[in-house]
Amino acid sequence: MKILVIGGGGREHALVWKLRQSPQVEKVWCAPGNSGISEDAECVAVNAGDVAALVALGERLRPDLTVVGPELPLVNGVVDEFTRRGLRILGASKAAAELEGSKVFAKEFMQRHGIPTATTYGVHDSAGAAYSALCAVDWPCVIKADGLAAGKGVLVAPTPDDATAFIERLMERREFGAAGEKVLLEEALEGEELSYIVLTDGEHIVPMAPTQDHKRVFDGDQGPNTGGMGAYSADGMLPQEVEQSILQSIVEPTVRGLLNDGRPYRGFLYFGLMMTSEGPKVLEFNCRMGDPEAQAIVLRMDFDLAQAAVAVTDQKLSQFRAAWKPGASACVVMASEGYPGEFVAGKKIEGLAEAVQDGATVVFHAGTKRDGADYYTSGGRVLTVGATGKDLPDALTHCYDAASRIRFEGCHYRRDIGARALKKAHGGAR
Ligand SMILES: Nc1ncnc2c1ncn2[C@@H]1O[C@H](COP(=O)(O)OP(=O)(O)OP(=O)(O)O)[C@@H](O)[C@H]1O
Ligand SMILES: [Mg+2]
């Protein structure tokens, strides 16, 4: 099999890494990929959001399978265009990807199908209407830009002043362009967050190992939200009865609802959940795996990802069995100085070779540039260091041991990935 992976971050490096392990895979391309990925795949300089250029690439390479990492090409309809040309592709169609592409659509979908989610205060298409609506909400109040805003379109606003300032940025200063034409105001839920990701062919569902992301930039969940600073996955993190209730009250009605609405979903479907005292509720859908959840998940996959992808595209997922490595995985994102704000790039990275000497550890690249034998930072998110272990403490030990060997000026990363789970299990911090 020859496979094309679309995207160029840590998640796509993880996908490439896993796909290459399949004995059926003889060639992997990645568009656009990155310097680190180029050690594992042939990178092609095509922008992942540019559907026309991706289609031209697909027609030129004629891959046996294309796997889409990020949301933008999905929301822009890359799957529809590839499928129309007889090119097999793993990912949601444009209509199905609207679940992530429009938060208003997603909310109305959940209401229509009785899927538990935060109560909506209202949807507004002018700043004036949104400001007025703030008089009738409870605090904190959640404000969401309707469209894609690269993880920056949501604020849990503690006060009316914060809410007003955020609505002004979205709707008057239009910081996220058309994504802020409509805003959704909703109730703030309380609880622990969980990322639950499944593979589906439109009817059958294969759950991925559950993961937990760490979105805030600093230890103890302090500082601004980021694209995700680390994740872990561990046996037993989700009691069986809770997983059953997620599947029955959320996942199955979503997949069935999409099918009944004429938008069958094929690919990875991400449920961002809040585990509230009333049970799990949906915060958001994503039409792809998360980053860094994908890295934590592929490390635990004990099955052939290329085979799983084909089972989805050929709608034979009912015949596919996923197996998972027992124990745990953990990964931590190493970021540039300033991230998630403006960051400093061009710093030399040392210690990459020493970091992976231990066979349990892998380094996925997100924002690096190679110059000769050396790597330099080129993005806010630079590397994801991931490891497996017999349990979570073991995976974390391998992961942090590797991270501590990697150095670049201004590097920062969270030291408390999985700490909450460890505290719960052992009654003490790491
Ligand atoms: N109703 C809510 N109550 C409490 N917190 C919320 C609520 N909705 C969103 N959040 C918080 O805001 C974060 C981002 O929200 P959401 O996942 O909807 O946005 P996003 O920008 O699509 O995120 P991502 O980049 O992960 O796709 C959530 O992970 C959660 O921490
Ligand atoms: Mg999202």
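The magnesium ion (ligand 2) takes its protein donors from Glu 284 (OE) and Asn 286 (OD1), at 2.0 to 2.3 Å. This is a predicted model. Glu 284 counts as buried, because its relative accessibility of 19% falls under the 20% limit. Asn 286 is also buried, at 5% relative accessibility.

**Backbone around the metal strand**

Strand β17 spans 279-286, and a loop links β17 to α10 (293-300). Pro 292 sits in that loop. The peptide bond from Asp 291 to Pro 292 is cis, with omega near 25 degrees. A cis bond also joins Ala 31 and Pro 32, where omega is about -5 degrees. Pro 32 belongs to strand β2, residues 27-32. Most peptide bonds are trans, and most residues other than glycine have a negative phi.

**Thr 384**

Pro 292 turns up again among the contacts of Thr 384. Thr 384 is part of strand β23, which covers residues 381-389. With a relative accessibility of 2%, Thr 384 is buried. Its side chain makes a polar contact of 3.2 Å with the side chain of Gln 295. Beyond four places in sequence, Thr 384 also touches Cys 331, Val 332 and Val 333, as well as Val 362, Val 363 and Phe 364.

**The β13–β14 hairpin**

Strands β13 (residues 216-218) and β14 (residues 222-225) run antiparallel and are joined by two bridges. Arg 216 has Asn 225 of β14 as its bridge partner. Three residues separate the two strands of this hairpin. Gly 220 lies in the turn and has a positive phi of about 70 degrees. Asp 221 is in the loop between β13 and β14. Its phi is positive too, although Asp 221 is not a glycine. Arg 62 is another non-glycine residue with a positive phi. Arg 62 is found in the loop between α2 (51-61) and β4 (65-68).

The two non-glycine cases are set out here.

| Residue | Phi | Relative accessibility | Class |
|---|---|---|---|
| Arg 62 | near 45 degrees | 43% | partly exposed |
| Asp 221 | about 55 degrees | 30% | partly exposed |

**Nonpolar cores**

In soluble globular proteins, nonpolar side chains tend to be buried together. The largest nonpolar core here holds 46 residues. Val 78, Tyr 196 and Phe 271 have the most contacts inside it. Helix α9 (residues 240-260) is the main contributor to this core, giving six residues. Another core, of 39 residues, lies apart from the largest one. Its members include Val 16, Leu 199, Tyr 270 and Ala 309.

Val 78 merits a closer look. Leaving aside neighbours within four places in sequence, Val 78 is in contact with Ile 6, Val 51, Leu 54, Val 68, Pro 73 and Ile 89.

**Leu 155**

Leu 155 is in strand β8, residues 154-157. It is partly exposed because its relative accessible area of 26% lies between the 20% and 50% limits. Its contacts outside the four-place window are Cys 141, Val 142, Ile 143, Asp 162 and Phe 166. Leu 185 is 30 residues from Leu 155 along the chain, and their C-alpha atoms are 9.9 Å apart.

Methods:
Residues are numbered from 1 along each chain as its sequence is written. Chains are lettered from A and ligands numbered from 1 in the order in which they are written. This is a predicted model: local features need pLDDT of at least 70, side-chain atom pairs count only at pLDDT 80 or more; totals for chains, interfaces and linings use all residues. Side-chain values use heavy atoms; hydrogens and water are left out. Donors are N, O and S atoms within 2.8 Å of the metal (3.2 Å for Na, K and Ca); water is not among the atoms, so sites may look incomplete. Buried means under 20% relative accessible area, exposed over 50%, partly exposed in between (1.4 Å probe, protein chains only). Two strands pair if DSSP finds at least two bridges between them. Helices (H or I, at least four residues) and strands (E, at least two) are DSSP runs, numbered from the N terminus. A polar contact is a pair of N or O atoms within 3.5 Å; within protein, one must be able to donate a hydrogen and the other to accept it, and residues adjacent in sequence count only if both atoms are side-chain atoms. Contact means heavy atoms within 4.5 Å. A nonpolar core is a set of buried Ala, Val, Leu, Ile, Met, Phe, Trp, Tyr and Cys residues joined through side-chain atoms within 4.5 Å.
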